[in-house]
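Biologist: Before I plan any bench work, I would like a close look at a single part of this model, followed outward into its surroundings. Please take your time over the answer.

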Amino acid sequence: MTVNPASEAQQRLRQDHARLWEECERLRKLVGALERGGPVPAELQASGLPSSEEVAELKKQVESAELKNQRLKEVFQTKIQEFRKACYTLTGYQVDITREGQYRLTSMYAEHKDDCLVFKAAGPSGATMQLLETAFSRSVPELVQLHLLAQDSIPAFLSALTLDLFSRQTVA
């Protein structure tokens with residue numbers, strides 16, 4: 001038998017033992033160098049570990065990336081507020097996300113602070129919207145019946161509601 005599994009296993013064990021012994025000695029020298037507080041000799045540095053210069057450079061890059069990320073967040077917040085104000089001015093409705101898939105619309109012409117509509121996204125990827133019942137939506141049943149149920153048009157409903165609320169404010 002030229003290939004003896006037991007002798008091959010013993011040979012592998014001897015090789016592993018020798019390799020681990022060398023690694024242990026190298027690590028002892030490394031610990032000694034670190035305990036003395038001196039620089040780590042190049043021959044003792046692990047090939048996978050970055051040098052202190054590389055670590056410093058990586059820290060700078062991380063700080064730079066964090067600063068850039070913070071600036072982007074600030075710009076996005078500013079743009080979001082700008083967009084919300086523009087939508088409010090153009091449509092007359094402030095839109096707030098109340099919870100996942102639900103949107104509260106408050107008209108700039110609302111008579112009371114609590115007068116709002118709540119829509120829920122429905123269908124695949126929120127392609128359709130469904131009006132949820134609120135005290136305010138119950139106060140305009142004719143508009144709901146005509147524009148949402150008969151015509152299936154949220155824009156027409158919101159436009160009619162805006163005109164109705166606007167006329168109440170200008171007449172009163």
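Biologist: Which residues does F119 touch, not counting residues up to four places away in sequence?

Modeller: This is a predicted model, and what follows should be read with that in mind. F119 touches G101, Q102, Y103, L105, M129, Q130, L131, I154, F157 and L158, once residues up to four places away in sequence are set aside. The residue itself sits in strand β3, and F119 is buried because its relative accessible area is 4%, where buried means under 20%. As a further point of reference, V95 is 24 residues from F119 in sequence, and the two are 10 Å apart in space, C-alpha to C-alpha.

One of the contacts of F119 is Q130, which has its place in strand β4 (residues 128–132). Q130 counts as partly exposed, at 45% relative accessibility, whereas F119 is buried. Leaving aside neighbours within four places in sequence, Q130 is in contact with V118, F119 and K120. Q130 and H147 are separated by 17 residues in sequence and by 13 Å in space, again C-alpha to C-alpha.

Other contacts of F119, among them F157 and L158, lead into the largest nonpolar core, which has 14 residues and in which L117, F157, L158 and L161 touch the most other members. Strand β3, helix α4 (141–150) and helix α5 each supply at least two residues of this core, and α5 gives the most, with five residues. As a general background, nonpolar side chains tend to be buried together in soluble globular proteins. L117 touches Y103, R104, L105, L131, F136, S137, F157, L158 and L161, not counting residues up to four places away in sequence. Y103, L105, L131, F157 and L158 also appear among the residues that F119 touches.

Helix α5 also takes part in the one aromatic pair that the structure holds. The rings of Y109 and F166 have their centres 5.2 Å apart and their planes at 70 degrees, so the pair is edge-to-face. This pair links distant parts of the chain, for Y109 lies in the loop between β2 (102–107) and β3 (117–122), while F166 belongs to helix α5 (residues 154–171), 57 residues apart. F166 is partly exposed, with a relative accessible area of 38%.

For the setting of this part, two further helices deserve a description. Helix α1 (residues 5–36) has 32 residues, which at 1.5 Å a residue should span 46 Å, and the end C-alpha atoms are indeed 46 Å apart, which agrees. Within α1, L30, G32 and A33 are buried, and α1 is followed by G37, whose phi is positive, near 85 degrees. Elsewhere, R28 lies over the face of W21, at 5.9 Å from the ring centre. Helix α2 (residues 52–91) has 40 residues and reaches 57 Å from its first C-alpha to its last, close to the 58 Å expected at 1.5 Å a residue. Just after α2, G92 takes a positive phi of about 85 degrees. An unreviewed UniProt entry annotates residues 55–82 as a "coiled-coil region", and in the model this span is 100% helix and 0% strand, with its end C-alpha atoms 40 Å apart.

Notes:
Residues are numbered from 1 along each chain as its sequence is written. This is a predicted model: local features need pLDDT of at least 70, side-chain atom pairs count only at pLDDT 80 or more; totals for chains, interfaces and linings use all residues. Side-chain values use heavy atoms; hydrogens and water are left out. Rings of Phe, Tyr and Trp (its six-membered ring) pair if their centres lie within 6.5 Å; planes under 30 degrees apart count as stacked, over 60 as edge-to-face and the rest as tilted. Helices (H or I, at least four residues) and strands (E, at least two) are DSSP runs, numbered from the N terminus. Buried means under 20% relative accessible area, exposed over 50%, partly exposed in between (1.4 Å probe, protein chains only). A charge sits over a ring if NZ of Lys or CZ of Arg is within 6 Å of the ring centre and within 35 degrees of the ring normal. A nonpolar core is a set of buried Ala, Val, Leu, Ile, Met, Phe, Trp, Tyr and Cys residues joined through side-chain atoms within 4.5 Å. Contact means heavy atoms within 4.5 Å. The expected span of a helix is 1.5 Å times one less than its number of residues. UniProt positions are given in the numbering used here, feature names are shortened, and annotations may be inferred rather than shown by experiment.
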